[in-house]
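Me: I've got a new model open and I'd like to learn how to read it properly. Could we take it feature by feature, beginning with one residue's contacts?

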Amino acid sequence: MQPVKSGGGWRAILYTWQKSREAGGLWRLWKAMRSKNACKTCALGMGGQKGGMVNERGTFPEVCKKSLQAMVADMQGAIPADFFETYSIPQMRAFSPREMEAAGRLTQPMLLEKGKQHYRPIGWDEAIGRIASKLKSLTPEETFWYFSGRSSNEAGFLLQLFARLYGTNNVNNCSYYCHQASGVGLNNTFGTGTATLTLQDVEHADLVFLIGGNPSSNHPRLMSTLKHVRRKGGHVIVINPVIEPGLVNFSVPSDPVSLLFGTKIASLYVQPHIGGDLALLTAVGKCIVDRNAHDEAFLKTHCNQWPELKSHLAQQNVEELAKIAGVTVAEIEQIADMYVKSNKTVFSWTMGITHHANGVENVEAIGNLACLRGMVGKPHTGMMPIRGHSNVQGIGSVGVTPKLKDAIFERLQCDYGLKLPETTGLDTLGCMEAAERGEIKFGLCLGGNLFGSNPDSDYAREALSRLEMLVTLSTTLNTGHAHATADETLILPVLARDEEPEPTTQESMFNFVRLSSGGKPRHTGPLSEISVISRMASETLGDVGPVNWSDLGHSENIRSMIGTVVPGYEKIREIGSSGKEFQIDGRTFHAPKFSTPSGKAQLHVHHVNPRQQAEALQLMTVRSEGQFNTVVYEDYDLYRGIDRRDVILLHPDDISRLQLTEKQQVSVKSASGQLDHIYVYSFPGIKAGNALMYYPEANVLVPRTVDPRSKTPAFKGIAIEIVS
């Protein structure tokens with residue numbers, strides 16, 4: 001395959017026609033996409049009560065390949081009745097992620113017992129009974145509860161309440177493997193773990209920093225917003241070790257002019273080394289202060305620790321920082337030039353920033369850079385972590401964290417008279433490690449692919465196999481169902497968002513709470529997540545004080561409880577009847593009064609370390625254009641021109657230096673593992689000295705090294721060796 005020269009465009013339109021055939025026709029797909037439900041993929045401007053192709057500003061049509069892929073997957077037929085009789089666990093382990101997803105919709109509870117090679121169907125009563133019996137036989141600390149970002153606020157709140165009343169704080173969500181560093185870094189700086197601005201702010205910016213991300217592939221709706229920025233004369237600075245075609249030029253299919261002629265996205269494209277971000281950001285900050293282009297009044301009035309940061313920057317050497325970052329001094333000066341000329345700057349980033357052992361420092365450094373010119377705390381400026389899952393932010397907001405926010409904890413205890421555990425809960429990787437040690441014996445996953453999202457996949461497989469019971473609530477199969485098998489493994493089929501019998505809510509990355517209407521189920525057998533959770537809780541615990549699990553089997557009653565105990569969510573109590581979606585109070589800063597104890601932004605001093613093992617290739621794992629998180633919809637990567645996934649992408653200079661050849665098969669080794677039969681692909685778009693492989697297949701190479709403050713694993717910056 002040849003890489004494309006522009007993202008989106010006619011290929012995206014053709015792809016829509018192809019997916020419509022899979023869905024049973026264009027009209028059927030159109031009706032599904034236009035249903036009044038929040039988008040099932042990323043959290044950026046997702047649709048709601050105005051329809052699934054309308055963003056929170058009311059703009060139509062807003063649709064992307066990711067949302068089409070997720071919808072068509074949910075519109076699949078049921079898994080054939082003889083599938084699990086035909087395919088044994090060893091055979092299923094040979095399936096690719098795409099083959100597992102494409103097997104069809106799950107329609108009945110499935111059980112795999114120890115020593116067996118095949119799942120078998122069981123009834124809902126037996127499935128719930130087995131789970132309740134197992135939980136009653138264990139202590140609360142022998143369990144963990146994991147939540148993906150695709151579920152509703154109602155299901156997330158209900159399940160974490162079940163876990164707390166059962167007696168454990170081992171409650172965590174998938175953000176620990178993606179954006180937890182953003183939450184910690186932003187909280188440390190501004191007192192909120194989310195975006196500080198609205199979608200409208202972004203569209204009015206005159207400069208957008210896009211750092212360590214590829215939204216043209218992973219969050220295509222953002223490209224429409226960036227198109228508006230460029231069309232109004234604004235600029236986009238892309239900082240990424242890989243030149244991604246869609247970030248150079250993107251043809252927005254819904255805009256005739258952009259479709260025909262394309263839209264230039266990057267005004268400046270800078271390629272640092274993987275892990276060079278902190279050095280680069282520090283160097284730009286020093287340039288701003290050396291030029292006296294910083295906002296001294298803002299820094300003195302609205303920030304803490306400005307003297308310390310100013311002194312630290314004065315001691316830095318731009319030439320040394322540029323060398324560590326892998327960029328030129330001229331490039332750093334160019335970034336500073338553009339930033340100095342801007343009046344309305346937005347800083348955005350994805351997991352190229354957070355997936356490092358210093359992910360929190362990276363986020364704090366972006367906060368420093370914003371504060372240096374007062375580009376936060378006023379309209380059309382601010383911080384924008386680009387969330388990858390449609391409700392991962394909402395799940396965290398309603399209490400899915402090892403430690404409940406104090407306000408939620410106190411209101412549940414005081415307003416409802418509940419006794420909640422005060423033990424220290426484990427983060428996601430902490431739960432995995434406890435399972436490997438035999439200390440945790442039961443796991444429950446609300447969606448997602450916990451196995452596929454873990455670093456060191458051999459370790460993850462072993463840890464999960466030591467559980468006595470593993471339960472997943474899923475719509476389709478994934479690799480975890482084959483590789484992560486406990487003594488008893490239960491798969492419970494649940495309804496997709498647009499099949500829920502009652503309305504539910506989700507939260508966008510801009511702190512906007514959306515209402516999804518639900519719809520008619522496509523298959524007989526799956527139940528709503530809320531129904532499954534309330535039944536499990538009722539059979540395990542019975543009613544607890546004022547908590548009646550039967551009543552909480554209805555989303556409206558759960559929203560009433562959320563509105564009572566979750567700060568900023570008070571308006572959710574009426575959203576089901578009024579349909580009025582809302583912005584959460586206290587998170588958007590259009591004035592320089594922040595949610596920190598002092599009301600000021602907190603600046604941070606960081607010490608930049610030299611690039612480690614500079615002679616070794618540094619690997620980052622990435623997603624392809626035909627992929628959403630761990631779900632692979634297409635084995636090819638259209639934008640990068642790669643026709644398979646068992647590959648390592650290297651710069652031609654590195655192929656020559658290592659005496660390799662194109663399409664040669666090699667082994668790739670890291671501190672945690674080895675992958676054999678990997679094909680070498682020449683990829684001029686990557687910074688020399690760096691390498692790229694696909695997630696989750698390459699997770700075996702990712703060590704269990706974490707950022708000490710966020711506990712986010714370092715999926716980027718992995719020292720590797722290639723053995724031919």
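Reply: Sure, and keep in mind that this is a predicted model. Start with N218: leaving out residues up to four places away in sequence, it touches C42, K66, R623 and S624.

Me: Where does N218 sit, and is it buried or exposed?

Reply: N218 belongs to helix α11, which covers residues 215–218. For burial, you check the relative accessible area against a cut-off: under 20% counts as buried. N218 comes in at 17%, so it is buried.

Me: What about G394, buried or exposed?

Reply: Its relative accessible area is 0%, so G394 is buried. You'll find G394 in helix α22, residues 392–397. Setting aside neighbours within four places in sequence, G394 is in contact with N153, E507 and Y569.

Me: How far is G394 from A279, in sequence and in space?

Reply: Count along the chain for one and go C-alpha to C-alpha for the other. G394 and A279 are 115 residues apart in sequence and 33 Å apart in space.

Me: How do I read the nonpolar cores?

Reply: The general idea is that nonpolar side chains tend to be buried together in soluble globular proteins. In this model, the largest nonpolar core has 58 residues, and L161 and L412 touch the most other members. Helix α8 (residues 153–166) gives this core its largest share, 9 residues.

Me: Which residues does L161 touch?

Reply: Not counting residues up to four places away in sequence, L161 touches L412, L418, V547, W549, L552 and M561. Another core, of 53 residues, lies apart from the largest one, and I239, W306, L309 and Y339 are among its members.

Me: Now zoom out. How do I judge the overall shape?

Reply: Compare the radius of gyration with what a compact globule would give. For 724 residues that would be near 27 Å, and the protein chain has 24 Å, which agrees. Along the principal axes, the C-alpha atoms fill a box of roughly 70 × 60 × 50 Å. As for burial, 64% of the 724 residues are buried.

Me: What do the long-range contacts look like?

Reply: Take contacts between residues at least 6 apart in sequence: 77% of them join residues at least 24 apart. The secondary structure comes to 31 helices and 28 strands.

Me: And how many charged side chains are there?

Reply: There are 73 positive and 73 negative side chains, and the centres of the two sets lie 5 Å apart. While you're looking at the outside, the accessible surface is about 24,900 Å², with 50% of it belonging to carbon and sulfur atoms.

Key:
Residues numbered from 1 in each chain as written. Predicted model: local features only at pLDDT ≥ 70, side-chain atom pairs only at ≥ 80, totals over all residues. Heavy atoms only, no water. Helix = DSSP H or I, 4+ residues; strand = E, 2+ residues; numbered from the N terminus. Rg over C-alpha atoms; globule rule 2.2 N^0.38 Å. Buried < 20%, exposed > 50% of the residue type's maximum accessible area, 1.4 Å probe, protein only. Contact = heavy atoms within 4.5 Å. Areas by Shrake-Rupley, 256 points an atom, 1.4 Å probe, with all protein chains shown as cover. Lys, Arg positive; Asp, Glu negative; His and termini not counted. Charge placed at Lys NZ, Arg CZ, Asp CG, Glu CD. Core = buried A, V, L, I, M, F, W, Y, C linked by side-chain atoms within 4.5 Å.
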